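Here is a walk through one model, strand by strand and then outward. Keep the viewer open while you read.

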Amino acid sequence: MTDWLSMLLLVLLAVAIIALGWWLLIATEGVYLGRRIVIWLYDLFAHRYDRVKNYYREYEHMYLAQPIMERIAPHRSPLVLDVATGTGRLPLALLRHAHFQGRVIGLDLSRRMLHQATQNLYVFEDRVTFIWGSAENLPFPDDTFDVVTCLEALEFMVRPQAVLGELARVLRPGGLLLISQRINTRLMPGKTWSSGQILELLARCGVEDAQAQIWQVDYRKIWGYKTGSSPAAGARPLDEVLRCPRCRSGLMKQREQSWFCDSCGARAVIGADGVIELFPVER
Ligand SMILES: C[S@@+](CC[C@H](N)C(=O)[O-])C[C@H]1O[C@@H](n2cnc3c(N)ncnc32)[C@H](O)[C@@H]1O
């Protein structure tokens with residue numbers, strides 16, 4: 001083989017490896033490589049996430065907080081769970097809303113994204129709690145929350161259907177669900193759902209009257225209500241709703257800088273930034 005031909009093949013190989021690496025790690029955020037890689041990437045880029053996303057405060061109010069408040073009106077003090085909260089985007093939008101008087105729990109598996117969230121929301125620290133935990137095993141009893149949200153995250157999860165089931169499980173009958181549907185599907189084969197698929201999956205989880213709504217370039221919002229009705233949970237304290245992720249039966253109670261399971265004795269520490277570290281307990 002001539003020298004120039006070998007050189008050309010080497011260049012083509014290098015380009016193919018770089019393109020594959022870009023697709024696996026950047027474009028699809030590690031989802032084809034497993035949950036550990038996804039979370040490792042979020043941990044790695046947590047300090048830059050908000051700068052890259054650069055969400056406008058007015059849009060977050062107009063397209064997230066205000067429509068949630070309208071859908072739950074006249075109730076103003078709901079108990080809200082934001083799954084895969086990242087740097088606290090949804091809690092921030094809600095807590096900045098002048099009429100919101102509820103409590104928000106933000107859960108995520110990236111410890112560093114949560115650290116950023118605590119920085120972003122330190123002025124609201126008495127009304128928001130961040131939990132390091134996995135969306136596949138939500139540490140709450142059935143039928144707990146008035147509102148459950150999960151934005152820009154399902155497509156980066158390895159078991160999105162199981163997560164959808166968890167979101168619906170912890171929502172109280174009559175409660176409001178808000179998730180996002182990825183509509184830019186070009187680079188993520190097998191990881192996104194059509195509107196028909198998503199509405200069918202939601203119906204199977206007991207979420208009815210789901211409706212898709214235009215939102216961002218890459219996403220639609222999907223709204224739905226859990227079948228049935230029940231009294232509003234309201235801004236209940238955390239020790240009434242935090243369930244042990246290990247035994248899944250006991251409730252967690254706070255003692256000084258830790259939370260303990262009143263059934264199996266499992267212990268979760270509270271980080272220096274206030275994040276409740278449940279994930280090590282789950283493993
Ligand atoms: C694109 S960010 C979205 C963050 C936030 N919801 C927003 O709209 O800005 C995706 C988030 O999902 C989280 N995530 C991915 N897989 C998860 C899982 N299995 N359990 C909990 N969080 C997860 C990541 O750590 C990351 O913070």
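Valine 104 has valine 128 in β3 as its bridge partner. That pairing belongs to a set of five bridges joining β2 to strand β3 (residues 128-132), and the two strands run parallel. Bear in mind that this is a predicted model. Between the two strands comes helix α5 (residues 111-120), and β2, α5 and β3 together make a right-handed β-α-β unit.

Now look at the other neighbour of β2. Strand β1 (residues 79-83) is joined to β2 by five bridges, again in parallel. Within β2, glycine 106 is the residue that stands opposite aspartate 82. To get from β1 to β2 the chain goes through helix α4 (residues 89-96), and this β-α-β crossover is right-handed.

How many residues of strand β2 (residues 103-108) are buried? Six of its six are, so the strand is mostly covered, given that a residue counts as buried with 20 or more other C-beta atoms within 10 Å of its own. Both faces share in this: Arg103, Ile105 and Leu107 are buried on one side, and Val104, Gly106 and Asp108 are buried on the other.

Step back to the whole sheet. Eight strands form an open sheet with mixed pairing, in the order β6-β7-β5-β4-β1-β2-β3-β11. At the edges stand β6 and β11 (276-277); each has a single partner strand, so one side of each is left without a neighbour in the sheet. At the β6 end, β6 and β7 pair over six bridges in the antiparallel sense. One pair there is glutamate 208 with its bridge partner in β7, tyrosine 225.

On to the helices around the sheet. α4 is mostly covered, with seven of its eight residues buried. Those are Arg89, Leu90, Pro91, Leu92, Ala93, Leu94 and Leu95. What do the buried residues of α4 pack against? They pack against α3 (57-72), β1, β2, α5, β3 and β4.

Helix α6 (residues 160-170) has its own buried set: Pro160, Val163, Leu164, Glu166, Leu167, Ala168 and Val170. The cover over these residues includes β1, β4 (145-150), β5 (171-182), α7, β6 (207-214) and β7 (219-226). A bit of helix geometry is handy when you look at such a list: an α-helix has 3.6 residues a turn, so residues three or four places apart point the same way.

One of the elements covering α6 is α7, and glycine 196 sits in that helix (residues 195-204). Glycine 196 counts as exposed because it has 9 C-beta neighbours inside 10 Å. From its C-alpha atom to that of glutamine 254, 58 residues apart along the chain, the separation is 43 Å.

A few backbone angles deserve a look too, and they are listed here.

| Site | Place | Backbone angle |
|---|---|---|
| Alanine 73 to proline 74 | proline 74 in the loop between α3 and β1 | cis peptide bond, omega near 10° |
| Glutamate 29 | loop between α1 (3-27) and α2 | phi near 50° |
| Aspartate 143 | loop between β3 and β4 | phi about 60° |

Glutamate 29 has a positive phi in spite of being a residue other than glycine, and aspartate 143 is likewise not a glycine. Why does glutamate 29 count as partly exposed? Because it has 17 C-beta neighbours inside 10 Å. For aspartate 143, 16 other C-beta atoms lie within 10 Å, so this residue is partly exposed as well.

Next, the ligand. Its surroundings comprise 20 residues, and the closest are Ala84, Gly86, Leu109, Ser110 and Ala135. Helix α2 (residues 35-53) supplies the largest share of the shell, four residues. By class, the shell divides into eleven nonpolar, four polar and five charged residues.

Finally, the domains. The domain assignment gives domain 1 (1-33) and domain 2 (57-236). Their C-alpha centres lie 37 Å apart. Five residues from domain 1 and six residues from domain 2 take part in the contact. On the side of domain 1 that touches domain 2 there are three nonpolar, one polar and one charged residues.

Definitions and conventions:
Residues are numbered from 1 along each chain as its sequence is written. This is a predicted model: local features need pLDDT of at least 70, side-chain atom pairs count only at pLDDT 80 or more; totals for chains, interfaces and linings use all residues. A residue is near a molecule or strand if its C-beta atom, placed from the backbone, lies within 6 Å of it. Ala, Val, Leu, Ile, Met, Phe, Trp, Tyr, Cys and Pro count as nonpolar, Asp, Glu, Lys and Arg as charged, and the others, Gly among them, as polar. Domain bounds come from an automatic or database domain assignment. Two residues are in contact if their C-beta atoms, placed from the backbone, lie within 7 Å. A residue is buried if 20 or more other C-beta atoms lie within 10 Å of its own, exposed if 12 or fewer, and partly exposed in between; C-beta atoms are placed from the backbone. Two strands pair if DSSP finds at least two bridges between them. A crossover is right-handed if, with the strands pointing away from the viewer, the path from the first strand over the helix to the second runs clockwise.
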